[in-house]
Every structure is written in C-alpha cells, then in structure tokens.
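I set down here what I looked up in this structure, entry by entry. The topics are strand pairing, helix packing and salt bridges.

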Amino acid sequence: MQLAELLETPDLGLRLLHAPEGSLERPVGRTITIDLLEPGRYLNGGELVLTGLVWRRGPGDSETFVSSIAEGGATCLLAGAALLGAVPDDLVEACRRHRVALVEVPGDVAFADVTEYVAAAGAAGESARMSASLARQRQLLSAIASGRSLDELAARVATEIGHACRVLTTSGRHVVPGPGELDPETVDALTRRFLTADLLPAVAEAGDRRYSLFPIGSGLADRLTGWTVAVEGDHTTWPREDLDMVHEFGAITALDRSRRDEGFRVRRPLAAATLAHLEAGASPAEIATGLRQCGLDPERPLVLAVAELGPGGPPDAVAAVLEDVALGLGPSVVASARDGCAVAFLPSRPDLIDQLRRSLTRLGPALVRGSLSVGLSGESAVDALAGALEEARFAHRVARSGGGAVALSSSEEVTSHVLLLATVPDDIRRTYAQRVLGPVLEHDQRTGSDLVPTLDRFLTYAGSWTRTAESLHLHVNSVRYRISRVEELTGRDLTTMEDRVDVFLALRSL
C-alpha cells in the first residue's frame with residue numbers, strides 16, 4: 001500500500017499538507033503512535049508516525065520533533081488536529097526542511113481507525129503478494145519442466161524487472177552468461193564481494209556500475225563453492241515484487257544446480273576408478289576405456305591437476321572447486337584421491353595455466369583460514385598419463401610449499417633449486433634452515449634488526465650493495481654492517497659461491 005492510496009481513503013478524510021518528491025509512491029510501513037518530543041530512538045526506519053501534538057509547547061518544538069523522527073528514518077508524519085484545531089505552520093515548515101511528508105488527521109478520526117486500516121491493507125497486500133509469488137513459482141517450474149533452460153528463464157526475469165540477470169560461480173564461471181560479456185575485472189569484483197560480504201544479498205561496485213548479488217541456496221554456508229544471481233542495479237531501491245522474482249529465480253536455479261551436482265556425483269566413482277587403474281599401472285587401453293566412460297576423448301591430449309585444500313580440507317570440497325573451474329575449460333572429469341587431494345583430467349589448451357590461475361585466484365578471499373594448492377602436469381597422451389600424474393603431484397608439492405592462499409605450479413615452472421627442494425621432506429628442510437640460519441633468526445627475533453630480510457634482498461640482487469640499499473631505502477654502510485653480522489652469526493663467507501648457495505637454499509627452506 002502506498003501513501004497516495006491511504007490519502008484517497010474517503011472514510012479517513014486525511015489532508016496532505018506537504019509531500020517531498022517521490023513520497024506519495026513510497027509503500028506505507030508500520031504505524032507508530034507517539035507523543036514524545038524526541039522519539040527518533042524508537043524508530044527503525046520507514047515508519048508512518050501518528051502524533052496528537054501533545055509534545056508541542058512552542059514553535060521551536062516542531063523543529064526538535066521533526067528532526068528527531070527524520071533521523072530515525074520516518075517517511076511520513078500524520079498529525080492530529082484535535083488538540084490545536086489545526087496543524088501549526090511551524091510543523092509544516094519543519095517537515096519541509098527535513099523532507100518528511102506531512103498529513104493532517106481530522107479531529108473526529110481516531111488514530112486507531114488509521115492504524116487498523118493500514119494493518120488491514122498491509123495484510124491484504126501481503127496475501128496478494130504471496131499469491132502472486134506462488135503463481136510465478138509455478139510458472140517458472142512449469143517452464144523448467146517443459147524444457148526451458150536457465151538462460152531463457154534469466155532472460156524472462158530480466159525483462160520483467162528491467163535489469164540484466166546472470167548466474168556466476170565463485171571462480172567466475174558463467175552458468176548463465178546474460179546479455180553481453182563481463183570483463184575479467186568486473187567478474188573479479190563480483191566474486192570478491194560475494195565471498196566477503198557479511199550479509200547477502202549485497203551490492204557490488206565494478207567500474208561505474210552496481211550489481212546486486214543474491215545467494216543461491218543458504219548463501220552463507222560454504223561460499224567457496226557457491227553460486228550467485230548477479231543482477232545489474234542496486235536491489236535496495238527495487239519494489240518488493242522485483243525482489244520476489246529474483247529470489248524465485250534463485251530457488252529454481254538451486255534446483256537446477258542440484259540436478260547438475262547429481263550428475264557429477266555419478267561421474268566421480270568412474271573417475272576414481274580410472275585414477276586407481278592409472279596408479280596401479282593399467283595398460284593404456286584400459287585407461288582409454290575408463291576415460292571414455294567418464295565422457296572424455298582418449299585421443300585428445302590431457303593435462304592432470306592435483307589440488308588440495310589445507311589444512312585438512314575435505315576432498316569433496318576441493319573436488320567441487322576443481323569441477324567448477326574445469327567446466328570453464330572444456331570436457332573434463334575430477335576424482336577424489338586417497339591422500340585427501342583431488343585429481344582432474346583437463347583438456348590441453350594454450351591458455352590453460354592462465355585461465356586456471358585467474359579462476360583459482362578469485363577464491364582467495366574465502367580462504368582466510370586455509371589454502372588451496374594446485375599442481376599441473378605437462379600435456380600428455382593416454383599412454384603417458386602415469387608420468388603426468390607424477391609430474392602433477394610433484395608440482396603440487398612445490399605449490400604447497402610456496403605459501404599463500406592460492407598457489408599453482410606447473411611442471412614447466414619447477415626448475416633449479418625449486419625442483420631440488422620440493423623433493424626434500426619438510427622436516428629435513430626445516431632442520432637444514434635452522435642449522436644454517438638459526439643464529440640469525442634468533443638474533444632478529446630478539447633485537448628486531450631485520451637481518452634475514454636484508455640477506456634475502458642481498459642475494460636476490462646477486463650481492464650488489466647499491467641495489468640492495470636502494471631497494472631497502474638504507475645507506476650502503478647499513479647494508480654492509482648487516483651482512484657482516486650475518487657472516488659472523490653463521491660462520492659463512494658470502495663472497496664465496498659455495499657459502500652463498502648454502503645460505504640461499506636455507507632461506508628458501510624456511
């Protein structure tokens with residue numbers, strides 16, 4: 001019910017004294033009758049305030065009262081004329097200054113009559129809204145049952161509400177692309193906002209546009225693998241009917257997602273069996289048969305990916321993450337491995353690493369207390385997949401040791417000392433680092449002298465005093481002093497290649 005409709009009710013005889021632009025089209029919220037001079041703290045916003053003007057002792061009180069209800073978020077003031085015979089001009093002027101709609105209630109009309117009328121109209125409106133919502137849900141379900149796609153339903157919703165509508169996953173994959181193509185920076189902004197918002201739906205800003213993000217499903221549970229309905233515009237300004245339609249579309253999308261997820265659950269055991277055969281040394285013909293059963297073409301080259309959510313993330317969750325990302329790359333399948341990792345069979349393509357890195361990096365904001373590490377093999381034919389699996393697992397160990405919320409390493413990137421250190425067990429690496437750099441670490445912890453960061457920068461710049469000093473904004477003599485302290489504490493001579501290599505490997509083993 002809008003304020004204009006309330007004013008048109010003949011039995012109430014209300015008279016409009018002031019209406020800011022757009023106020024007549026606003027929906028009427030709950031009514032509250034109050035005669036305190038400063039009642040703003042009792043308002044939640046959007047109320048229709050009824051007052052008998054008992055609080056008024058002089059013209060200045062009107063400013064105090066109206067400013068208080070305006071700060072409280074009231075949208076309309078209904079002032080009774082019974083006490084003073086008419087609404088005073090100072091109250092009208094105060095409402096003009098604070099952009100609050102003002103309506104006079106005749107002396108012979110009880111406030112209870114106004115409250116009851118608004119409540120009855122609101123109940124009728126809510127009933128009509130519920131009926132309309134159920135009708136729309138039936139229409140959407142019928143459309144799905146008759147073979148309509150989510151894309152078609154999204155286009156229908158967009159036409160109804162006048163805002164472009166699409167469905168995205170947290171990795172940025174477009175389940176429903178919507179009109180036009182979003183640039184990668186916009187997708188980054190939308191997924192980051194979805195993963196970090198305290199409450200959903202939320203508004204995201206990307207460039208000069210706003211998007212409203214509605215959760216599909218519970219929204220707050222397991223956002224790492226969540227979907228969102230992204231609609232152009234700010235939902236906080238939309239009418240209730242448009243919000244209802246978006247929520248109804250989200251419910252239908254959740255049902256569609258459940259159907260798709262069931263398909264993945266059916267394929268995972270087939271993928272797991274193929275992985276087990278690969279690990280057991282099965283023949284290429286047997287592996288090819290398993291790939292066909294999974295829906296893959298064994299004649300096409302593949303890349304294997306090994307991924308893990310740490311610490312102790314469930315294999316099903318990392319498998320779901322890999323499946324989501326892989327769907328944006330082409331025909332693929334994912335299996336959960338016995339070591340808590342997930343293994344994906346991915347199509348080989350020139351931009352595979354770049355696409356994976358961009359998609360996986362978008363998940364970083366959801367990994368506040370954990371990490372995602374991924375290792376990739378090189379391109380491989382079916383008769384060399386066993387070696388590709390070893391490559392991917394090796395690259396995964398490197399990624400896991402690299403730190404950061406999201407780490408991805410490929411077999412092509414694993415070179416020199418990285419390759420060497422990845423083969424060394426963690427406890428041995430830590431022991432080596434402590435033996436070489438233990439005194440320096442203890443000195444830094446005790447004095448805060450930053451010897452380790454200076455040493456790292458010094459070796460990065462191949463022992464250049466000047467470049468190290470410039471990068472750290474220090475005087476060259478300060479750098480020389482710090483490096484000499486490192487040499488004293490470690491017993492190493494950093495002018496020799498052998499000692500530099502020992503210290504460098506110790507740094508990379510921390």
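I count two strands as paired if DSSP finds at least two bridges between them. The model I examined is a predicted one.

**Entry 1: strand 13 and its partners**

I began with strand 11 (residues 302–310), which runs antiparallel to strand 13 and is joined to it by 6 bridges. Within this pairing I looked up Leu304 and found its bridge partner in strand 13 to be Phe345.

I then turned to strand 12 (residues 333–336), which pairs with strand 13 over 4 bridges, also in the antiparallel sense. Here Val333 has Phe345 of strand 13 as its bridge partner. I noted that strand 12 and strand 13 form a hairpin, with 5 residues between them. In the turn, Gly340 has a positive phi of about 90 degrees.

Is strand 13 buried or exposed? I found that 6 of the 6 residues of strand 13 (residues 342–347) are buried, so the strand is largely enclosed by the rest of the structure. I checked both faces and found them covered: Ala342, Ala344 and Leu346 are buried on one side, and Val343, Phe345 and Pro347 on the other.

**Entry 2: the sheet of strands 7-6-10-9-8**

I traced an open sheet of 5 strands in the order 7-6-10-9-8, with antiparallel pairing. Strand 7 (174–176) and strand 8 (202–206) stand at the edges; each has a single partner strand, so one side of each is left without a neighbour in the sheet. I recorded an average turn of 35 degrees between neighbouring strands of this sheet, direction ignored.

Inside the sheet I looked at strand 9 (residues 209–215) and strand 10 (residues 227–232), which run antiparallel and are joined by 5 bridges. Tyr211 has Glu232 in strand 10 as its bridge partner.

Which strands does helix 5 touch? Helix 5 (residues 150–161) packs on the sheet and touches strand 6 (165–169), strand 7 and strand 10. Its direction makes about 70 degrees with that of strand 7. I also found helix 7 (residues 240–279) lying across strand 6, strand 7, strand 9 and strand 10, and running at about 145 degrees to strand 10.

**Entry 3: salt bridges**

Side chains of opposite charge can pair when their charged atoms come close. With a cut-off of 4 Å between the side-chain nitrogen and the carboxyl oxygen, I obtained a count of 23 salt bridges.

In helix 7, I looked up Asp244 and Arg240, whose side chains meet in a salt bridge at 3.6 Å, N to O. These two residues are 4 residues apart in helix 7, and are therefore separated by about one helical turn. Asp244 is buried at 9% relative accessible area, whereas Arg240 is partly exposed at 44%.

Next I examined Arg393 and Glu279, which form a salt bridge at 2.5 Å, N to O. This pair links distant parts of the chain, with Arg393 in helix 11 (residues 385–402) and Glu279 in helix 7, 114 residues apart. I noted Arg393 as buried, at 16% relative accessibility, and Glu279 as partly exposed, with a relative accessible area of 32%.

I also looked up Asp499 and Arg492, whose closest N and O atoms are 3.9 Å apart in a salt bridge. Asp499 counts as buried at 17% relative accessibility, while Arg492 counts as partly exposed at 23%. Finally, I recorded one network, in which salt bridges that share partners join Glu185, Asp188, Arg358 and Arg362.

Key
Residues are numbered from 1 along each chain as its sequence is written. This is a predicted model: local features need pLDDT of at least 70, side-chain atom pairs count only at pLDDT 80 or more; totals for chains, interfaces and linings use all residues. Side-chain values use heavy atoms; hydrogens and water are left out. Axes are lines fitted to C-alpha atoms, for helices over the stretch in contact, and angles run from 0 to 180 degrees between N-to-C directions. Contact means heavy atoms within 4.5 Å. Buried means under 20% relative accessible area, exposed over 50%, partly exposed in between (1.4 Å probe, protein chains only).
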